[in-house]
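Here is a short report on one protein chain. Keep the sequence and the 3D view open while you read.

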Amino acid sequence: MGSVRKASAWLGLVEDNDERYYDDEYADGAESNDAWVTDPRVRVASDTAQEHGRRIATLSPDGFRDARGIGELFRDGVPVIVNLTAMEPNDAKRVVDFCAGLAFGLRGSIERVATRVFLLTPADTEIVSGEPGGRSQDGFFNQS
């Protein structure tokens, strides 16, 4: 199948008659009473995220009284995303000050992700910025 036809099939503009993606042996071997059958070629994680410490908490506090929950999660070593967009500006400033003190006291870091959204990371967590080191600041499509 040509690339234009593949793109058209992916967009749903033409019917995809290419059957090479389906494994007939696997489809015939599936029992009809199974609610969900997973492809045997797909490896499913057997360990939970909590066992390996791969958890991130997202909190949207209503007021300063919710800061304790942020502190408890961060103290347990869980990175916390704090969304302050629904809070009053004075309470939001108090929560940011609390988070900054919390990060300093536990040797973590605090980083602004977006307007009134902050990321608290424990000391053993590395933040990858997504900006490649060698890329120029002019941008990819700058033709000047």
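## An aromatic pair

This is a predicted model. The structure holds one aromatic pair. Its partners are F64 and F98, arranged edge-to-face. The ring centres lie 6.2 Å apart, and the planes make an angle of 85 degrees. That angle counts as edge-to-face because the cut-off is over 60 degrees.

The pair links distant parts of the chain. F64 sits in the loop between β1 (57–59) and α3, while F98 belongs to helix α4. In sequence, 34 residues separate the two. Are these rings buried, partly exposed or exposed? F64 has a relative accessible area of 28%, so it is partly exposed. F98 is partly exposed as well, at 29% relative accessibility. Buried would require a value under 20%.

## Overall layout

The protein has four helices and four strands. Read from the N terminus, the order is α-α-β-α-β-α-β-β. The chain counts 144 residues, and 19% of them are buried.

How much of the contact set comes from residues 24 or more positions apart? Among contacts in the protein with a separation of 6 or more, such residues account for 42%.

## Helix α3 against helix α4

Two packed helices are described by the angle between their axes and the distance between the axes. Here the helices are α3, residues 67–75, and α4, residues 89–105. They pack at an angle of about 20 degrees, and their axes are 10 Å apart. The angle therefore makes α3 roughly parallel to α4. The cut-off for that label is under 35 degrees. The crossing of the two helices is right-handed.

Which residues meet across this contact? From α3 come A67, I70, G71 and F74. From α4 come V95, F98, C99, L102 and A103. Eight of the contact residues are nonpolar, one is polar and none is charged. F98 thus has two roles to look at: it belongs to the α3–α4 contact, and it forms the aromatic pair with F64.

## I56 and its surroundings

I56 lies in the loop between α2 (24–29) and β1. Is this isoleucine buried or exposed? Its relative accessibility is 59%, so I56 counts as exposed. The cut-off for exposed is over 50%.

Setting aside neighbours within four places in sequence, I56 is in contact with V78, P79 and I81. Another residue to compare in the 3D view is L119. It is 63 residues from I56 along the chain, yet the C-alpha atoms of the two are separated by 9.9 Å.

## Two arginines with positive phi

Most residues other than glycine have a negative phi. Two arginines show a positive value: R107, with phi near 60 degrees, and R116, with phi near 65 degrees.

Where do they sit? R107 is in the loop between α4 and β3 (109–114). R116 is in the loop between β3 and β4 (117–121). Their accessibility classes can be read from the numbers. R107 has a relative accessible area of 70%, so it is exposed. R116 has 27%, so it is partly exposed.

Technical notes. Residues numbered from 1 in each chain as written. Predicted model: local features only at pLDDT ≥ 70, side-chain atom pairs only at ≥ 80, totals over all residues. Heavy atoms only, no water. Axes fitted to C-alpha atoms, helices over the stretch in contact; angles between N-to-C directions. Parallel < 35°, antiparallel > 145°, perpendicular 65-115°, else oblique. Left-handed = near helix turned anticlockwise from the far one by under 90°. Contact = heavy atoms within 4.5 Å. Nonpolar A, V, L, I, M, F, W, Y, C, P; charged D, E, K, R; others polar. Phe/Tyr/Trp six-rings, centres within 6.5 Å; stacked < 30°, edge-to-face > 60°. Buried < 20%, exposed > 50% of the residue type's maximum accessible area, 1.4 Å probe, protein only.
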